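Work through these exercises with the sequence and the model open. Each task is followed by a stepwise solution.

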Amino acid sequence: MTKKAKTSGSGIGFSLQTISLDQFAVFEEDYKAEEKTRFDVALTFGINAEHKMFRVSSRIAFSQQKRPFLLIEGSSEFVIEHEAWESFILDDSASIVFPHGFVAHLAALTIGSIRGMLYVKTQNTQFNQFLIPTINVAEMVETDVRFDMKKGDVLS
């Protein structure tokens, strides 16, 4: 008898379904080589209950004087194993809660993908020097992520 391998260290089975580059922009006129650069990252999450999918989107901006000069947004969609999905549904069946450690893991995978996209998009330009640093995503995702469904929505 063989057991299906889990694809995450958390013991929650999932698979990467899609990786998307949602936005990329360079505003050369807002970049000054001698000025200090700021790095910002934002995360948002979503679900597709019908297909048992979890979406992580990230927006990363390099800016100076509060004006972004390099902007990239990307997202990943993950199919969650049926048993895991069902275990996240609260007893009232109107809410689903994803553990923060699991969400942080999916977010780290997404940011890693965006890191590669940024490198490729800026290759052979002056902006290739701006790399997305390693990020402790666990500090960004400190709590479980909950979705409350509207009346009539189905989680399972």
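Buried means under 20% relative accessible area, exposed over 50%, and partly exposed in between (1.4 Å probe, protein chains only). This is a predicted model: local features need pLDDT of at least 70, side-chain atom pairs count only at pLDDT 80 or more, and totals for chains, interfaces and linings use all residues. Residues are numbered from 1 along each chain as its sequence is written, and side-chain values use heavy atoms, with hydrogens and water left out.

**Exercise 1. Aromatic pairs**

Task: Classify the ring pair of Phe 14 and Phe 78, and state whether these residues are buried or exposed.

Solution.
Step 1. Fix the criterion: rings of Phe, Tyr and Trp (its six-membered ring) pair if their centres lie within 6.5 Å; planes under 30 degrees apart count as stacked, over 60 as edge-to-face and the rest as tilted.
Step 2. Search the whole structure: 17 aromatic pairs turn up.
Step 3. Take Phe 14 and Phe 78: 5.7 Å centre to centre, with 75° between the planes, makes the pair edge-to-face.
Step 4. Place the two residues. Helices (H or I, at least four residues) and strands (E, at least two) are DSSP runs, numbered from the N terminus. Phe 14 lies in strand 1 (residues 14–26) and Phe 78 in strand 4, so the pair ties together parts that are 64 residues apart in sequence.
Step 5. Check accessibility: both Phe 14 and Phe 78 are buried.
Step 6. Contrast Phe 45 and Phe 54: ring centres 5.8 Å apart and planes at 35°, so this pair is tilted. Phe 45 is partly exposed at 27% relative accessibility. Phe 54 has 0% and is buried.
Step 7. Join the pairs. One cluster links Phe 14, Phe 45, Phe 54, Phe 78, Trp 85, Phe 88, Phe 98, Phe 102 and Phe 147.

**Exercise 2. The four-stranded sheet**

Task: Derive the strand order of the open sheet, and find its edge strands.

Solution.
Step 1. Apply the pairing rule: two strands pair if DSSP finds at least two bridges between them.
Step 2. List the antiparallel pairings. Strand 1 and strand 4 share 11 bridges. Strand 3 and strand 4 share 12. Strand 2 and strand 3 (residues 53–64) are joined by 11.
Step 3. Read off the order: 1-4-3-2, an open antiparallel sheet.
Step 4. Pick the edges: strand 1 and strand 2 (38–48) each pair on one side only.
Step 5. Add the twist, which averages 15° from one strand to the next.
Step 6. Add the helix. Helix 2 (residues 100–122) packs on the sheet and touches strands 1, 2, 3 and 4; its direction makes about 130° with that of strand 4. Contact means heavy atoms within 4.5 Å. Axes are lines fitted to C-alpha atoms, for helices over the stretch in contact, and angles run from 0 to 180 degrees between N-to-C directions.
Step 7. Verify the register with sample positions. Val 41 stands opposite Ile 60. Thr 18 has Glu 77 as its bridge partner, and Ser 57 has Ser 75.

**Exercise 3. Two polar residues**

Task: Characterise Ser 76 and Arg 38 by burial and by polar contact.

Solution.
Step 1. Define the contact: a polar contact is a pair of N or O atoms within 3.5 Å; within protein, one must be able to donate a hydrogen and the other to accept it, and residues adjacent in sequence count only if both atoms are side-chain atoms.
Step 2. Ser 76 sits in strand 4 (residues 67–80). Its relative accessibility is 2%, so Ser 76 is buried.
Step 3. The Ser 76 side chain makes a polar contact with that of Thr 110 (3.2 Å).
Step 4. Arg 38 belongs to strand 2. At 53% relative accessibility, Arg 38 is exposed.
Step 5. Its side chain makes a polar contact with the side chain of Asp 40 (3.0 Å).
Step 6. Beyond four places in sequence, Arg 38 touches Ala 61, Phe 62 and Ser 63. Arg 38 and Ser 63 are 25 residues apart in sequence and 5.1 Å apart C-alpha to C-alpha.

**Exercise 4. Strand 6**

Task: Which residues of strand 6 form its covered face, and which its uncovered one?

Solution.
Step 1. Recall that in a regular strand the side chains alternate between the two faces of the sheet.
Step 2. Assign them: Val 145 and Phe 147 are covered, while Arg 146 and Asp 148 are uncovered.
Step 3. Find the pairing: four bridges join strand 5 to strand 6, antiparallel. Val 97 has Arg 146 as its bridge partner.
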